[in-house]
Amino acid sequence: MFRIDFNKLRFLVCDDNPHMRRILRTLLHSFGAREVYESEDGATALEMYSHYVPDIVITDWSMPIFDGLELAQMIRQPESKGNPFAPIIMLTGHSEKRRVTVARDAGVTEFLAKPISAKGLYQRILNVVANPRPFIKTKTYFGPDRRRNTSNAYIGPERRIGGEVEVLQQPSLLDKARSSV
Amino acid sequence: MAIDKRDIEIKAFADHHVITQPNPLRKVLRRIAEKDLDNLDDPVARAEKALAGLSGEFKAWMAIEADRLSAAHAAILSDGFTEEACEELFRAAHDIKGDAATFGYPSAGAAAESLCRIIEHAPELDQVPSNLIAHHINAIQAIVRERTKLDNVSVAGELSRKLRGVADEYLTHANRDRPEHLEAILAPSLAPAD
């Protein structure tokens with residue numbers, strides 16, 4: 001059993017809704033976090049990301065101008081001077097399978113469908129802290145390994161070539177999003 | 001915690017690279033023996049208690065969210081379905097979809113989800129029967145304002161279910177020649193049940 005020293009973690013929270021930011025701040029501080037930086041849009045979040053170098057990013061999806069998906073894509077730039085590896089937790093009211101897939105393909109590490117719960121948020125944070133996945137870089141993708149199940153049967157066009165198949169024993173992002181929070 | 005790029009290991013394969021590094025967050029993990037768990041404060045319980053402490057504000061927050069939705073709708077009635085107005089209507093409804101259950105108004109969240117589906121999947125928003133959108137917004141307002149008067153579990157729940165049924169019927173018909181939308185409309189939500 002693991003516990004997290006939240007007081008050693010630095011969070012960046014990005015949500016355009018002030019009520020949700022307040023809830024997130026309350027939950028993170030209750031877990032023990034001291035450093036919680038907040039932004040209300042993706043552009044400001046990206047600036048804060050470079051400036052504060054957070055350990056974990058928690059972002060909404062739907063925001064004006066520069067949304068959470070674009071924020072994830074901007075962070076996951078392998079050649080950037082900043083840290084492209086930080087865990088990104090997408091906390092969103094979007095709850096459709098298609099959305100989970102799009103978020104995953106943008107490099108999002110964990111997906112948490114609203115309504116939020118303390119337990120769901122804690123579990124996602126514990127998972128990114130305790131079970132980091134290797135990163136994969138292809139022509140079209142840079143982000144955490146998207147393979148999470150034991151099936152070697154996938155033969156689609158995006159099948160990676162070369163090397164032994166290494167499969168991480170974790171539930172898929174979709175299954176986790178479906179599970180009760 | 002800063003990443004030391006010297007610790008990063010990159011393995012090259014035919015069409016991809018696998019990049020690994022020592023867990024940069026390992027220093028914040030503490031292993032706890034099962035026997036010691038009872039003596040520790042549970043962080044989840046502590047956070048739930050803090051969230052409960054905020055609950056006195058939820059009614060006012062919900063009213064603000066519902067008013068924002070009504071204002072977005074009023075802008076559409078006044079200026080038409082401009083891109084900006086439609087985006088604001090969607091964002092307002094989408095926020096209620098995500099927040100309402102936390103605030104204690106799950107039926108308002110369900111009605112807002114139904115409205116989001118209309119905005120997202122209607123082929124032409126200005127062709128949607130105006131009553132269909134108005135009924136959703138009025139229902140959300142009623143659920144929020146009359147919460148203490150309504151038998152909220154049965155009436156509000158029934159109201160949002162009926163709205164969803166009518167909206168789904170409209171969307172299924174309107175998207176009969178748009179299979180990608182039809183698939184999304186008929187797919188089950190991933191959001192946990194109330």
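Which residues of H5(A) meet B:Pro43, B:Val44, B:Ala47, B:Glu48 and B:Leu51 in H1(B)? In this predicted model, they are A:Ala118, A:Lys119 and A:Tyr122. Let us start with these two helices and then work outwards.

Helix H5 of chain A covers residues 118-130, and helix H1 of chain B covers residues 43-54. Their axes come within 9 Å and cross at roughly 140°. An angle over 145 degrees would count as roughly antiparallel, and 65 to 115 as roughly perpendicular, so H5(A) is oblique to H1(B). The crossing of H5(A) past H1(B) is right-handed. Sorted by class, this helix contact holds six nonpolar and two charged residues, and no polar ones.

Now step back to the whole contact between the two chains. Chain A contributes 50 residues and chain B contributes 44 residues. On the side of chain B that touches chain A, the elements giving two or more residues are E2, strand E3 (29-31), H1 and helix H3 (83-99). H1(B), the helix we have just visited, supplies the largest share of that side, with eight residues. By class, the residues on this side of chain B comprise 25 nonpolar, eight polar and eleven charged.

Strands also link the chains. Look for an open sheet of four strands, in the order E8(A)-E7(A)-E2(B)-E1(B), with antiparallel pairing. Its edge strands are E8 (142-144) of chain A and E1 (9-12) of chain B, each of which pairs on one side only. From one strand to the next, the twist averages 20°. Where do the two chains join within this sheet? Strand E7 of chain A, residues 135-137, is connected by three bridges to strand E2 of chain B, residues 17-20, and the two run antiparallel. To find this pairing on your screen, pick A:Lys137, whose bridge partner in E2(B) is B:His17.

Another link of this kind involves strand E1 of chain A, residues 2-4, which runs antiparallel to E3(B) and is joined to it by three bridges. Here A:Phe2 has B:Arg31 as its bridge partner in E3(B).

Next, turn to chain A by itself. An open sheet of five strands has the order E3-E2-E4-E5-E6, with parallel pairing. Strands E3 (35-39) and E6 (110-113) of chain A each have a single partner strand, so each has one side without a neighbour in the sheet. The twist in this sheet averages 20° from one strand to the next. Within it, E4 (residues 56-59) and E5 (residues 88-92) of chain A pair in the parallel sense over three bridges, and A:Thr59 stands opposite A:Met90 in E5(A). Helix H1 of chain A, residues 18-31, packs on the sheet and touches E2 (10-14), E3 and E4 of chain A. The direction of this helix makes about 170° with that of E3(A).

One residue makes a good last stop: A:Gly68, in helix H3 (residues 68-75) of chain A. Is A:Gly68 buried or exposed? A residue is buried if 20 or more other C-beta atoms lie within 10 Å of its own; A:Gly68 has 28 such neighbours, so it counts as buried. Leaving aside residues up to four places away in sequence, A:Gly68 touches A:Cys14, A:Gly42, A:Thr59, A:Asp60, A:Trp61, A:Met63 and A:Met90. Among them are A:Thr59 and A:Met90, the two residues that stand opposite each other in the pairing of E4(A) with E5(A).

How values were computed: Residues are numbered from 1 along each chain as its sequence is written. Chains are lettered from A and ligands numbered from 1 in the order in which they are written. This is a predicted model: local features need pLDDT of at least 70, side-chain atom pairs count only at pLDDT 80 or more; totals for chains, interfaces and linings use all residues. Two strands pair if DSSP finds at least two bridges between them. Axes are lines fitted to C-alpha atoms, for helices over the stretch in contact, and angles run from 0 to 180 degrees between N-to-C directions. Angles under 35 degrees count as roughly parallel, over 145 as roughly antiparallel, 65 to 115 as roughly perpendicular and the rest as oblique. A crossing is left-handed if the near helix is turned anticlockwise from the far one by less than a right angle, and right-handed if clockwise. Two residues are in contact if their C-beta atoms, placed from the backbone, lie within 7 Å. Ala, Val, Leu, Ile, Met, Phe, Trp, Tyr, Cys and Pro count as nonpolar, Asp, Glu, Lys and Arg as charged, and the others, Gly among them, as polar. A residue is buried if 20 or more other C-beta atoms lie within 10 Å of its own, exposed if 12 or fewer, and partly exposed in between; C-beta atoms are placed from the backbone.
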